[in-house]
Every structure is written in structure tokens, then in C-alpha cells.
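This report walks a new reader through a model with its sequence alongside. It begins with the surroundings of a single residue and then turns to wider features.

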2 protein chains.
Amino acid sequence: MTGSAHATTWSRADSPAAPFEILATATTGPARRGRLRTTHGCVDTPAFMPVATAGTVKGLTPAQLRELGAQIVLANAYHLALRPGVALIRALGGLHRFMGWDGPILTDSGGYQIFSLAALRTVSDEGVAFRSHVDGAALFLTPEAVVQLQIDLGVDIAMVLDECVAGDASRAEAERAARRTLDWARRCARVETAPGQLLFGIVQGAMYPDLRARQAAELVDLGFPGYAVGGLSVGEERNITMTVAAETVAALPVERPRYLMGVGRPEDLIRFVGMGYDLFDCVLPTRNGRNGMFFTSSGPLNIRLARYATDTQAVDAECACYPCRTFARAYLRHLAVSNEMLGAQLASVHNLYFYQQLMREMRAAIEAGDFPAWAATRIARLSTGAQA
Amino acid sequence: MTGSAHATTWSRADSPAAPFEILATATTGPARRGRLRTTHGCVDTPAFMPVATAGTVKGLTPAQLRELGAQIVLANAYHLALRPGVALIRALGGLHRFMGWDGPILTDSGGYQIFSLAALRTVSDEGVAFRSHVDGAALFLTPEAVVQLQIDLGVDIAMVLDECVAGDASRAEAERAARRTLDWARRCARVETAPGQLLFGIVQGAMYPDLRARQAAELVDLGFPGYAVGGLSVGEERNITMTVAAETVAALPVERPRYLMGVGRPEDLIRFVGMGYDLFDCVLPTRNGRNGMFFTSSGPLNIRLARYATDTQAVDAECACYPCRTFARAYLRHLAVSNEMLGAQLASVHNLYFYQQLMREMRAAIEAGDFPAWAATRIARLSTGAQA
């Protein structure tokens, strides 16, 4: 498979292979180590994408993202369309130049905002009418328009418009959203993307495995170069997330990159990689970081706790990030309780480094052929909570 | 003058020369290029000290401060005493280790807070009773205690406790505060600092030049290794600031470092260097940066203005800082209007770089012997306001 050739000659009508190469698989189980080629560089998978919703990973410069090993970031076409506007970003040379990030970018379409901004939108078969959460302006997004926005942004990976429903959606509601999502995917697939741009399909279906399996099969018939699983971690119980995630990935083609949207905690990522997922994004490292929560190899640590006031240790003795090499917990606690901006920044740097390091370790474990054993040990340690 | 020898053998009782060396003077006027030696390294003067009130320059890591050329930072003993507490910082190895900054640190004493937190304190000849602005706890600061706090923090340069009054203080009020400040300076000078630690005296006297001159003369009799001028930019008119600053510096010994506290805008710093001041600190680069104000070589620029929405230029074409090398004004405006943390960070990085670069240029102009001509040109450009 010659990914770079595909990247320039690929078009939807051919239903081609994605520029994705599987380099190693776990000896037991479906985990795999791969490489996704984009026009802005390669992504080693399994990969975690820091979230840059509005064109910035909150609290970090692009240089810092590079330094901690991020290879791809996720932005949000819906948010950027509202502010500052996609036409503006396009006129300024595209999203990469705008945000100063020359690596790959994936954009979510706005489908998740159908769920998270439910009070501000009306969904019909034609598309979604949003009232802007910024200034109340009206925005009507059709599936075709959403792909066009992402073409105009110049992103490497675009997502189809999907309808995300809550974790407790009824069967009828889930059926209706799934059917609409499939119809929208078909319409998105007819839009010709720019050379090298990949468009990923999204499997919905709420918590109904048979619906998800059917949805996956029909999506695969459309021949996308990559598949995402959306609509998880939207309020359902954790064991249901795990079951649905595992059953859905099994319905997706082995040779395509598989992206589980919007999850999760470190131990969850290990489990999802064990199921065969390749790509992830989540706001936890930065959002929780801003609230003083540090991820560590033995579980989360709330730096605001009084017990850390005199603690001279690094947040995580095993971590090689700049904050862990430089500051004691006592200082990081001082920053957090004083609401100093640097506290949020350092926690975000640490957490994103921690996630990237975890992905590096997962890739190495898959290559070494001992992923399941490694995963069991690592998950056990992450759950000790010795420092929480 | 052998500064490093002084740095290890210096003690107040000998009334010794400060470890300060004048390397070059302007051919016309009192501007000078010097070097101040501390146990944590040298400071090239004229120097600007980024403000790290609570042990952090807001929005920047120590590594970023180094990168933009800062050689010394200013922290505040009063603030650190309230939170997290000086005993704690001492137990953790001192302020340098606590905040991850291995260069020189100067601490202000809390005298300015007598002015800025007037509602929370009661001043007597004995000292100042503060009610903590953090948690309401009582804190009584005597002159001796304030020096001891700074000894315990392990700073390179400590400041005496002074009483700062408002710009419109009456003659009687100014007299009283000046007399008290002098008495406190005498008491501070009797405290033995740690080897290598320098204690600077502070001239007060409100806007009464003769009072300031008398105050300076009496302070100089106490033989401090450096002198600060406090109580300016506290509400008085700008031309008064200039007059008082010029007349006061003339009353201070040429061979000692002279520190003008809490100022100012770029064009002001050039004027104050032209008067013979060596050290400065000011919150403007970071505080105004957080509000979207960028300093540029042709004057301040408010990045929130609509005119920058589509502007592809760097904030300052002449600036070599990371934000100016990486981002267009349109992106920085987007961050500011979206209240993204990165906007505040990048503005702070740029502004502090701009200040450090200005100091570098001033030092070069003094060395080249053409400071007055350079200053006139530079001030004229800074006032064009072409981008404001």
C-alpha cells in the first residue's frame, strides 16, 4: 500500500484503500500499530489527538505540542465556522497556517454539537439549524456544507455530519438518528474533497449493538478511507460504553483506521486500543488540567489537596515532562490554589505529555508483541490511585 | 571593583561598594551600561525585571523567560508571606528552587501594598498590620521581619520596608511617611543578611523634590549597596513623574545601581535610562497583554479591534519573538475575542520579549556612545501610534 500515492490520487468514487498501513499487530487480540499518512505528515497509531476546538489547544503553543510528541490535533468545524468564520481562515491560508500548526489536523463536523448544544439547534433530514452560542446568529449546516467547510479549512481529515444522541435514547430515536446519519454520510461522500483530504464516516446507533452493526455495514459499503465511532461517553454507564465500543469496532474493516471519538481516561484508552481502535481525542487532559487534576502512572492526582502543600516530589516520578522535571507538587499546588494561569498551563502540558507517552508505550508494547500483558499491568497500576 | 569578591564578603556594617560595575556611559547625559553581580548570576543593566508577584510571571514558564532574555525577576515578599508562606518556601529549598528559576531574584518588601491595599492595613512607627487579602488572616510586618522574610526566601536582592503614599499626598503626610521610611531603613540595615544578599534602600517623599533629595542624602549615609526610587506612578501627572524621577536620581550615588520601582511604558523606560536609572519592573507587559494589548515599535496595538480581524501581518514586523514569527494578527485577535488562554500567553511572551529587546538596544546604544540620539528617534517612533 502506497499511502502517499493514495493521498494525491484518492477520490471517493474509487472506494480506495486509505493511506493507512498496519505495521504490527498484537500476538493476542486486535490491537495494532499503524501509520496514517496525510499531506501534512505521518501519524503513528494508536494516536491521541489533543483537542484544539477553536484552533488552539488551550494553554499550549504549537511548539509545545510538538515538543511533547503530538503528531495530529483535532479542531472543530462548527466552532470555527461561528468564530472566526471559515471564509476568513481560508483567506488567511487555511487552518494550518492560521493556528501555526504544520502537522496533520482532523476536524469534527459539528455532529457532537447536535447533542451538546441541544437547546440551540433544530435537526431535520435536510440538516441542522443552529443558533450560535457565541452571538445568536443563525447557521444552517447541511451535510454537504459541513464537508465544504472542512475543505475550505484545508484539513487533512474531515468528518461527515452525524447526529449524536444521548446515551439513554430510545430505540426509535436511535433508529431515526442512525438512518439520518447514514443518509447524511451518503450525501457527504458525494462531495469531492481536495487532493489528499480524507473523509471519515461515523457510526452512530446509541447503545444498540445490532443497530450499530447494521450502521457500520452500510457505512462500509460507502467505502470511506477511515471510520469513526461516535455517540459514546454521552451519559451511559461505563460497562455499556465498553461493550458497545468492542462490538462496533468488530464490524469495521481491519485495514482502515478506526477512530473512537471523545474518549477517555488513560486506562480506557488502553482498553480501546486493545479492541483495535487507532485514533482518539479527548478534552480531559486539558480541561481537568485547568481544574488542578494531574494524570499519573498510579492514577489521577488532585493537586489542590492540602496534603500536597509541603510535598517536594514531582507530580509523577516516572514522567519526563518539563513540569515534572522542574517543579515540586507544593509549587504546582500553590499555583492552583492561587488561580495562577501558569498552574493551568503546566497541568495541561503534563497531562498531554502523559497521554502522548502512554500512546508511545502502547505502540512499543504492540511492536514487542506483548500488548495484552503490558495492558493488564498498566491498567492495574493506573487504578491504584496511590496519589489521589 | 571586584563584584564577586564583594558578593561573598559583603556586610552592611562595612558600608561597602555594591557588586555593581559601570561598563560604559553615554557620551552625553547620565545613562550608563552596567553589570550587577549576584550569587545567582549577572544582570546586564539597564535591565527590566518581569514581575512574578506570587512566584510566577503570569502565563510564562521559567524556560520561556530565559528564552526571551530575562536575567532577573521580581517577586513580592508580602504576597508570598500570605500565600504559600515563607517558612514553607524556605523548607522547600528557597524561592529559586520553589519557582524553578535559577537566575537572580529581587523581592519587593510590601511597602507598595501599604499604598495599594490601603483598606486592609494600619501603619504605625512599629510597622504595618495587614489583614490578608487572601483569607483575612492578620499579618504584622516590622522592618526587621520584612528583611528576615527575604533572607528566608533566599533572594539575591531584598528591599527595605517603606511607606508608599498617594501621588496627591499632602506635604505633612509625605513628610511623615518619609521620616518613617528612613527610620525603617535604618532598622532594616541593622539586620544581617545572608552572604551575597543585597539590601537596597528606597527613597520616598511623594512629589516634593526637596523632601526626596533630603531623603536620598540620609539614605546614602546608611550606605546601601543599591537604591530604589519608590512612590512614583501612583496617580500623579506624568510630567511630575518625570521631574521627580530626574531630580531624585541626581541625589543618588553614581557608583550604585539605581532602581526605579513599578514603571513603565517603553518610551518611559528610555527616558528613565536617560536619567541614569539601571533597574525597572512593571506589570504592564503581562497585565496589558492579558487584556489584548501588544507593545510594538510604533506604539501599542489593541488586538481586539475589528481592523485586525483579517490582518495577515505579524504584530510587529521588527520583532523576532515566537508569536511574531508564527502568528498573524488575525489569529491573535481570534484568541483574544474568544477569551482563549493562549491569547494571554502569547501577548505576555511578546510584550516581555519586546521589553527585553528594548533593554538590549538601550545597552547597545549606550555602549556605542550614541544613546541620546538613539533615544530621541526611538521615542518618536514609539509615539507614532500607527497601529493603535
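Setting aside neighbours within four places in sequence, B:Cys164 is in contact with B:Gly111, B:Tyr112, B:Ile114, B:Phe115, B:Gln204, B:Gly231 and B:Val234. The model in which these contacts appear is a predicted one. B:Cys164 itself lies in the loop of chain B between β10 (157-159) and α8 (171-189), and with a relative accessible area of 4% this residue is buried. One of its partners, B:Val234, is 70 residues away from B:Cys164 in sequence, while the C-alpha atoms of the two are 8.9 Å apart in space.

**How the two chains are related**

Chain A is superposed on chain B by a rotation of 180° with 0.0 Å of shift along the axis, and the RMSD is 0.0 Å. The two copies are thus related as by a two-fold rotation axis. The same surface serves both copies, since 100% of the contact residues of chain A recur in chain B. Among the residues of chain A, A:Met341 comes closest to the rotation axis, with its C-alpha at 4.1 Å.

**The interface**

The contact draws 36 residues from chain A and 36 residues from chain B. About 3,000 Å² of area is buried between chain A and chain B, and carbon and sulfur atoms give 65% of that area. Across this interface there are twelve residue pairs in polar contact, both residues being at pLDDT 80 or more. On the side of chain A that touches chain B, at least two residues each are supplied by α2 (62-67), α5 (95-99), α13 (322-326), α14 and α15. The residues on that side of chain A divide into 21 nonpolar, eleven polar and four charged.

Two salt bridges are found across the interface of chain A and chain B. In one of them, B:Lys58 pairs with A:Glu340, and the closest N and O atoms are 2.7 Å apart. A:Glu340 is found in the loop of chain A between α14 (329-337) and α15 (341-368).

Is A:Glu340 buried or exposed? At 7% relative accessibility, A:Glu340 counts as buried, because buried means under 20%. Not counting residues up to four places away in sequence, A:Glu340 touches A:Leu335 as well as B:Ala54, B:Thr56 and B:Lys58.

**Salt bridges within the chains**

Over all chains, the structure holds 48 salt bridges. Three that lie within a chain are set out here, each with the distance between N and O atoms.

| Acidic residue | Basic residue | N to O distance |
|---|---|---|
| A:Glu163 | A:Arg176 | 3.7 Å |
| A:Glu175 | A:Arg214 | 3.1 Å |
| B:Glu367 | B:Arg33 | 2.6 Å |

The pair of B:Glu367 and B:Arg33 links distant parts of the chain, with B:Glu367 in helix α15 (residues 341-368) of chain B and B:Arg33 in strand β2 (residues 32-38) of chain B, 334 residues apart. B:Arg33 is buried, with a relative accessible area of 6%. In chain A, salt bridges that share partners join A:Asp125, A:Glu163, A:Arg176, A:Arg179 and A:Arg180 into one network.

Within that network, A:Glu163 forms a salt bridge with A:Arg176. A:Glu163 lies in the loop between β10 (157-159) and α8 (171-189) of chain A and A:Arg176 in helix α8 of chain A, so the pair ties together parts that are 13 residues apart in sequence. A:Glu163 counts as buried at 4% relative accessibility, whereas A:Arg176 is partly exposed, with a relative accessible area of 32%.

The side chains of A:Glu175 and A:Arg214 also meet in a salt bridge. This pair links distant parts of the chain, as A:Glu175 is in helix α8 of chain A and A:Arg214 is in helix α9 (residues 209-222) of chain A, 39 residues apart. A:Glu175 is partly exposed, with a relative accessible area of 26%, and A:Arg214 is partly exposed as well, with 42%.

**A helix and a strand of chain A**

Eight of the eleven residues of helix α7 (residues 143-153) of chain A are buried, so this helix is largely enclosed by the rest of the structure. Among the buried residues of α7(A) are A:Val146, A:Leu149 and A:Asp152. Just after α7(A), A:Gly154 takes a positive phi of about 80°.

In strand β1 (residues 20-25) of chain A, one finds A:Ile22, which is partly exposed with a relative accessible area of 32%. Leaving aside neighbours within four places in sequence, A:Ile22 is in contact with A:Arg32, A:Arg33, A:Gly34, A:Val254 and A:Glu255.

Notes:
Residues are numbered from 1 along each chain as its sequence is written. Chains are lettered from A and ligands numbered from 1 in the order in which they are written. Side-chain values use heavy atoms; hydrogens and water are left out. Helices (H or I, at least four residues) and strands (E, at least two) are DSSP runs, numbered from the N terminus. Buried means under 20% relative accessible area, exposed over 50%, partly exposed in between (1.4 Å probe, protein chains only). Contact means heavy atoms within 4.5 Å. Copies are superposed by least squares on the C-alpha atoms of residues with pLDDT of at least 70 in both. Buried area is the accessible area (1.4 Å probe) that two parts lose on being put together, summed over both. A salt bridge is a side-chain nitrogen of Lys or Arg within 4 Å of a carboxyl oxygen of Asp or Glu. A polar contact is a pair of N or O atoms within 3.5 Å; within protein, one must be able to donate a hydrogen and the other to accept it, and residues adjacent in sequence count only if both atoms are side-chain atoms. Ala, Val, Leu, Ile, Met, Phe, Trp, Tyr, Cys and Pro count as nonpolar, Asp, Glu, Lys and Arg as charged, and the others, Gly among them, as polar.
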